[in-house]
Amino acid sequence: MVNADEIAKLCYERFKQLPRRGKPEPGREWTLLAAVVKVTRSANSDAVEKEVVSLGTGTKCIGQTAMSPNGDVLNDSHAEVIARRGCVRYLIQELHGAVSGGDSSVFCKADVRGKWRLQPGVSFLFFTSHTPCGDASIIPLTDSLSQPCPPVTSVRGQDEGSDGGGGGGGGDLKRKAEEPSEGKNNKLPRLEEQETAETRLEDRGDAKQSFLSHSSKSEHPSQSHCAKTPVQAATQDSAQPGIQSRGPSGGAGRRPQVPDVHRTGAKCVPSGPADPLHTGVGYHSTGLLRVKPGRGEPTLSLSCSDKLARWAALGFQGALLSHYLQEALYFSTVVVGKCPYSQDVMQRALVTRLSRVSDLPAGFSVCPPLLLQSSLDFPFSQAQTELRHQAGKGRISPCGAAISWCNVTEQPLDVTANGYKHGVTKKALGTAKARSLLCKLELFRSFLSLVSATDPSALPDSLRRTGLQTYWDYKQGAQLYQQAWQRLNSQAFPLWPRSDRDLLLFH
């Protein structure tokens, strides 16, 4: 049985050992942390070895107009995504060693030519310091204010409700709270040269700051266009009339409140139903796909709840590595740190939504993870940062940098801001110096290096085809993976936005 506190402590210690670069300013900045842990069980004893192989921090996401057709920009820098992409770097290195005749602690030969599988006793689990943004964060409201993705307001003078999945009440307060600081304490990493006004607006929509929205309207919660979910009913049944709330002065006041849920700033995908935005538990629809808010404009990045659910069906290895693997790789367990949490809601977001998925091709299956919560708080969480904040130290804000560390030989640490290497100048944009090691282009080139290192007689059949040139070609060439994705798409996530092919034709 996995000990959730042991996993959390292991991940926090790994983060503590990292260099200072990219970390939040203590007592003023906060971030989220996620990690992939390799678990190795000995066949001859009860010994179990646990090792963090990838770690990520971050809360930001770029808008769709900032995405690059060259694959050289990191689109999604949420901690969960950073940790998964760092793990892909680690897996590529392990496969590189395996195909080159060296030892791998992860892979051994499978019974199909060119294919590999996990070593006996090896598994992976996923840790995140906070509930994933999106559906898993729409949980019954308690006296805790911390939540991962708040409502957002327009940064271009648009209608408030259209830009952030609903501002509820207090839009003006939210807008003021998220204005970039003008003082000297504003040290959010960014490009060193002068930025445009639009870039300076920061990621208001993805700041992941706490926010309670109790509407002053007298209307009652009503049925959304989706059926009321068990969590909504449970929230109404179990809500306590004396729930704590913040008064105008910021102090804790006790007054009866409408049963409510945490808000998420992740918006319903444009092609599907929208949130009804009613008071209380009727504010959000649940079980829906959501896109993350970005730098004041829509993004194409699905919420972390949606991505974790997808990984539970397709594996976390991605399409490219599926060429080499006989079976997809799944997280056996998902551990969440100390934060607002609901077991039922996590079950809904990561497991129940996949209940209708069946008939996946060979090597793929729905593998719902064991869901656990730790009692240990991340030292740089928003809650801990608020506790340690000192007057006069500047506004509390999310850290602008994203850190990736993974257990690879070359350049294990990668620190980014705004989708590029942290600290890079605009003059360097478009060059290798500016690229994150986690961007599509860099991961693709690492994969091509793996293909080149593989003896031609040992190549998987799917890589023996002619005409494989672009990133798109190699992704589509993983036919079983694409078949699995088509089944998942049609049976569970028909509204999942597909990537623009023009953004995937680089090589």
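**Exercise 1. Find the residue of β8 that is the bridge partner of A34, and place β8 among its neighbouring strands.**

Step 1. The bridge partner of A34 in β8 is T128. This is a predicted model, in which local features need pLDDT of at least 70 and side-chain atom pairs count only at pLDDT 80 or more, while totals for chains, interfaces and linings use all residues. Residues are numbered from 1 along each chain as its sequence is written, and side-chain values use heavy atoms, with hydrogens and water left out.

Step 2. Strands here are DSSP runs of E with at least two residues, helices are runs of H or I with at least four, and both are numbered from the N terminus. Two strands pair if DSSP finds at least two bridges between them. β2 and β8 run antiparallel and are joined by 7 bridges.

Step 3. On to β13: β8 runs parallel to it, with 5 bridges, and L125 has T333 as its partner there.

Step 4. Now check burial, where buried means under 20% relative accessible area, exposed over 50% and partly exposed in between (1.4 Å probe, protein chains only). In β8, 7 of 7 residues are buried. V122, F124, F126 and T128 point one way, and S123, L125 and F127 the other.

**Exercise 2. Which residues of α1 are buried, and which strands do they pack against?**

Step 1. The buried residues are A4, I7, A8, C11, Y12 and F15. They lie on the same side of α1, because they cover an arc of only 130° around the axis, taken from the directions from the helix axis to the C-beta atoms.

Step 2. On the other side, K9 and K16 are exposed.

Step 3. With contact meaning heavy atoms within 4.5 Å, the buried residues pack against several strands, including β2, β8 and β13.

**Exercise 3. Classify the ring pairs F316–F331 and F447–Y474.**

Step 1. Rings of Phe, Tyr and Trp (its six-membered ring) pair if their centres lie within 6.5 Å; planes under 30 degrees apart count as stacked, over 60 as edge-to-face and the rest as tilted. The count comes to 19 aromatic pairs.

Step 2. F316 and F331 are stacked, at 4.1 Å centre to centre with 5° between the planes. F316 sits in the loop between α7 and α8 and F331 in β13, so the pair ties together parts 15 residues apart in sequence. Both F316 and F331 are buried.

Step 3. F447 and Y474 have centres 6.0 Å apart and planes at 80°, so this pair is edge-to-face.
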